[in-house]
Structures are given as C-alpha cells and as structure tokens.
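Here are some short exercises to help you find your way around a new structure. Try each task yourself before reading the solution.

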Amino acid sequence: EKIPIQTDDVDKDIPFDECDNIYKVHLNLLKQWNQNTAQLEKFIKSPDTDNNGVGDEKKEDASTTFSNALYCRYMECNALMDEQNKRLNQMVSDDHVMTVLNNSMILQRHTANNTSFSESN
C-alpha cells in the first residue's frame with residue numbers, strides 16, 4: 001500500500017484526521033511486513049514436508065507428495081520474499097522519500113500547533 005503524497009501547504013492548521021491517516025498507513029505497512037516475516041520464519045522452523053512413517057510400498061507416492069509439498073513451500077516463500085523485496089525497494093524510491101518528508105513536515109506542524117495551543121491554555 002502506497003503512502004499518499006501530501007502536497008498541501010504545511011503552514012496551515014493540520015486536522016488530526018490527516019495525521020491519524022498517516023499513522024494508520026504506516027501501521028498497516030508494518031503489520032503486513034511482520035505477518036510476512038512471521039510466515040517466512042514459520043517455514044524455516046517447522047517445514048510441513050516431512051514424510052516420516054511412510055511404508056515401503058508407498059515410497060514412490062510419498063516421494064512425489066514430498067516433492068510437490070517442497071515445491072509449493074518454495075513458491076510460497078518466494079512470493080513472500082518478492083513482496084518484502086518490493087517494500088524494501090519502495091523505501092529508497094524518490095517518491096517514497098518525498099512522501100516521508102512531506103508527511104514529516106505535516107506531523108511536525110501539527111505537533112507544533114498543538115504544543116503552542118496547549119502552552120497558551
């Protein structure tokens with residue numbers, strides 16, 4: 001999910017909803033990252049591709065089943081790693097850097113407005 005680029009004038013009052021939206025977008029991205037990381041760690045720690053306990057008469061079927069399960073696991077891991085890699089590549093893009101800077105300015109302005117308001121009351 002891309003973070004929306006904010007081009008509004010940062011000198012005006014920033015509504016809390018806009019700051020809350022920035023927070024929610026970042027929180028959602030972190031949640032997706034953590035879910036994918038947990039899934040990859042699960043694949044590493046407890047593979048589902050074990051064929052123990054299979055009798056000799058079923059070894060050929062078990063071998064095929066094991067190969068299919070291993071291939072499926074590889075494809076799942078590969079898809080998760082591709083998704084994580086796309087996120088990492090987005091972080092260094094010019095668009096993302098500008099988005100982060102603009103959002104940072106919005107949040108700083110919002111914080112400064114709220115701080116000065118709190119101090120005056």
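**Exercise 1. Which backbone oxygen does the side chain of T99 reach?**

Before you start, know that this is a predicted model: local features need pLDDT of at least 70, side-chain atom pairs count only at pLDDT 80 or more, and totals for chains, interfaces and linings use all residues. Residues are numbered from 1 along each chain as its sequence is written, and side-chain values use heavy atoms, with hydrogens and water left out.

Step 1. Go to helix α3, residues 94-120, where you'll find T99. Helices here are DSSP runs of H or I with at least four residues, strands are runs of E with at least two, and both are numbered from the N terminus.

Step 2. Look for the partner: the T99 side chain comes to 2.8 Å from the backbone oxygen of D95. That fits a polar contact, a pair of N or O atoms within 3.5 Å; within protein, one must be able to donate a hydrogen and the other to accept it, and residues adjacent in sequence count only if both atoms are side-chain atoms.

Step 3. Check the cover. T99 has a relative accessible area of 2%, so it counts as buried. Buried means under 20%, exposed over 50%, and partly exposed in between, with a 1.4 Å probe and protein chains only.

**Exercise 2. Find the salt bridge and say how its two residues are placed.**

Step 1. Search the whole structure, and one salt bridge turns up. The rule is a side-chain nitrogen of Lys or Arg within 4 Å of a carboxyl oxygen of Asp or Glu.

Step 2. Name the pair: E83 and R87, whose closest N and O atoms are 2.8 Å apart.

Step 3. Why are they about one helical turn apart? Because E83 and R87 sit four residues apart in helix α2.

Step 4. Compare their cover. E83 is partly exposed, at 35% relative accessibility, whereas R87 is buried, at 13%.

**Exercise 3. Stay in helix α2 and contrast Y71 with C77.**

Step 1. Place them: Y71 lies in helix α2, residues 59-91, and C77 is in helix α2 too.

Step 2. Is Y71 buried or exposed? It is exposed, because its relative accessibility is 52%. C77, at 15%, is buried.

Step 3. See what Y71 does at the surface: with Y74 and M75, it makes a nonpolar patch of about 350 Å². Patch residues have over 30% relative accessible area and no salt bridge; like charges are joined within 9 Å, nonpolar side chains (Val, Leu, Ile, Met, Phe, Trp, Tyr) within 5 Å.

Step 4. Now see what C77 meets. Leaving out residues up to four places away in sequence, C77 touches L40 and F43, where a contact means heavy atoms within 4.5 Å. C77 and L40 are 37 residues apart in sequence, yet their C-alpha atoms are 6.4 Å apart.

**Exercise 4. Trace what L107 touches.**

Step 1. Start in helix α3, where L107 is found. With a relative accessible area of 33%, L107 is partly exposed.

Step 2. Skip residues up to four places away in sequence, and L107 touches C19 and I22.

Step 3. Add a distance: L107 and E18 are 89 residues apart along the chain, with 9.0 Å between their C-alpha atoms.

**Exercise 5. Zoom out and describe the chain.**

Step 1. Count the elements: the chain has three helices and zero strands.

Step 2. Take the overall cover. Of the chain's 121 residues, 21% are buried.

Step 3. Sort the contacts: among those between residues at least 6 apart in sequence, 78% join residues at least 24 apart.

Step 4. Check the confidence. pLDDT is the predictor's confidence in each residue, from 0 to 100; its mean over the chain is 75, and 69% of residues reach 70 or more. Over residues 49-55 the pLDDT is below 50, and this stretch has eight contacts in the model beyond near neighbours in sequence.

Key. Accessible areas come from the Shrake-Rupley method with a 1.4 Å probe; for residues, only the protein chains shown count as cover.
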